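I sat down with this one to see how its strands, helices and cores fit together. These are my notes, in the order I looked things up.

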Amino acid sequence: MRIIEPKTYRHTRASSARKPQFFRSKPAIVIAALLLVGVGLAARQWIFQDDTQPVVASAQDQAQEPSDTVSTTGASEPQPEDAAVPPDEPEPQIEQEPESEPEPSEQLVEQPSTPVQQPEVDLLTFADNDFKLFYDNLKQPGLDTVENPPFIYDNVAADERIQQIAEDRGYKLRSEPSVQLATVDGYPVQPAIVDPWLALKQAAAADGHTISIVSAYRSISHQRTLFTSRLQSAGATVEQVAAGTVDNKIDSVLVTSSIPGYSKHHTGYTIDILCAGWAFENFKNSPCNEWISANNFEMAKLHGFIPSYPPGATKQGPDPEAWEYVWVGVDLLTKR
Ligand SMILES: [Zn+2]
């Protein structure tokens, strides 16, 4: 209505200027013309009552188009605008452009997430025996060296015989924590490995593997109890051990169990990992082992862990233990 009123005034002004001439010469025509104009204007008002709103709305939409979604405006506009104003045709094309823009933007959102999962770390590669040498020569913080072999049975002859067999297998004296241990997943560990372990576990979960800790820090006295109970279960008495008649039984226990003072679990940097759905001792055949050991133990090393007893290393104490990992930190496993 407001748009049309000024036009009406223009016509009346124009006609009022010519009024005298028209009235004198052709009043009937003027009246007829005015009637026609009036009818025309009335008709135009009637016609544009519906159209003006879309036109005004489309003008608003034009300003809002960049931020608005396409589906709401695109469906209603074309029909009235196509009939009234041709220049509106390009607008749907402009509106369609945002349709194609969100797609690449979604792709852009996905693209950064992919490289984030692949840290730009140039990891060192180790042969199995290199893992063993690397760790045996490593001085880790937060540890006190165990200078002398702790007692086993408190029987000198028995203890020395067991310790000799153990060292012949490759067992070495390890260290004990000199710092307050932290707790993660219910197990005591060196504080430094809490976050790396949680990150490793999260990375495993992201790839569909559920891993958990089943053993971490172990005290010397705890290891003593473990070993002597297993040797007893093997049928060896202290007297037989001291007499040297059950060396084969001692050796068989040493395949899986360390003697007190010689376990890497004493440090608090060593963990035994369980793969959900798999027996602990069958970790080697689990998909978790395949995941963590692929590409020279890439996933383990990315989080600062190395295999404690890698499969191909020789004379490292126990037989290879696929489930046991030691944290040494990413820095030492990275090329510089
Ligand atoms: Zn272990």
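The entries below go from the sheet to the cores, then to a helix and two odd backbone angles.

**Entry 1: the sheet**

First reminder to myself: this is a predicted model. I started with the strand order and found 4 strands in an open sheet, running E5-E6-E8-E7 with antiparallel pairing. E5 and E7 are the edge strands, and each has a single partner, so one side of each has no neighbour in the sheet. From one strand to the next, the twist averages 50°.

**Entry 2: going through the pairs**

I then went through the pairings one by one. E5 (residues 211–215) meets E6 (residues 270–275) over 4 bridges, in the antiparallel sense. To find my place in that pair I used Ile-211, which stands opposite Cys-275 in E6.

E6 also pairs with E8, again antiparallel, over 3 bridges. Here my marker was Thr-270, whose bridge partner in E8 is Val-326.

E7 and E8 run antiparallel and are joined by 4 bridges. Pro-307 is the residue I looked up there, and it stands opposite Tyr-325 in E8.

**Entry 3: what sits on the sheet?**

Which strands does H13 touch as it packs on the sheet? I get E5, E6, E7 and E8, and the direction of H13 makes about 115° with that of E7.

**Entry 4: the cores**

Next I looked for nonpolar cores. The largest has 32 residues, and Phe-305, Ile-306, Tyr-325 and Val-326 have the most contacts inside it. At least two residues each come from H7, H9 (194–206), E6, H13 (287–302), E7 and E8. E8 gives the most, with 5 residues. My margin note on this: nonpolar side chains tend to be buried together in soluble globular proteins.

I picked Val-326 for a closer look. Setting aside neighbours within four places in sequence, I list its contacts as Tyr-135, Lys-264, Tyr-269, Thr-270, Phe-305, Ile-306 and Ser-308. So Thr-270 turns up twice in my notes, as a contact of Val-326 and as its bridge partner. Apart from this core lies another, of 15 residues, including Ile-162, Ala-166, Leu-231 and Val-253.

**Entry 5: one face of H7**

Tyr-135 in that contact list sent me to helix H7. Which residues of H7 (residues 128–136) are buried? They are Phe-131, Lys-132 and Tyr-135. Looking down the axis of H7, I see these buried residues within an arc of 95°, so they line one face of the helix. What they pack against is strand E7 (305–309) and strand E8 (321–327).

**Entry 6: two positive phi angles**

Last, I checked for positive phi at residues that are not glycine. Asp-185 has one, at about 55°. Asp-185 belongs to the loop between strand E3 (182–184) and strand E4 (187–189). Asn-295 also has a positive phi of about 55° and is not a glycine, but I find Asn-295 in helix H13.

Are these two buried or exposed? Asp-185 has 14 other C-beta atoms within 10 Å, so I logged Asp-185 as partly exposed. Asn-295 has 10 within 10 Å, so Asn-295 went down as exposed. The cut-off I used for exposed is 12 or fewer.

Conventions: Residues numbered from 1 in each chain as written. Predicted model: local features only at pLDDT ≥ 70, side-chain atom pairs only at ≥ 80, totals over all residues. Buried ≥ 20, exposed ≤ 12 C-beta atoms within 10 Å, placed from the backbone. Arc of directions from axis to C-beta. Contact = placed C-beta atoms within 7 Å. Pairing = 2+ DSSP bridges. Core = buried A, V, L, I, M, F, W, Y, C linked by C-beta atoms within 7 Å. Axes fitted to C-alpha atoms, helices over the stretch in contact; angles between N-to-C directions.
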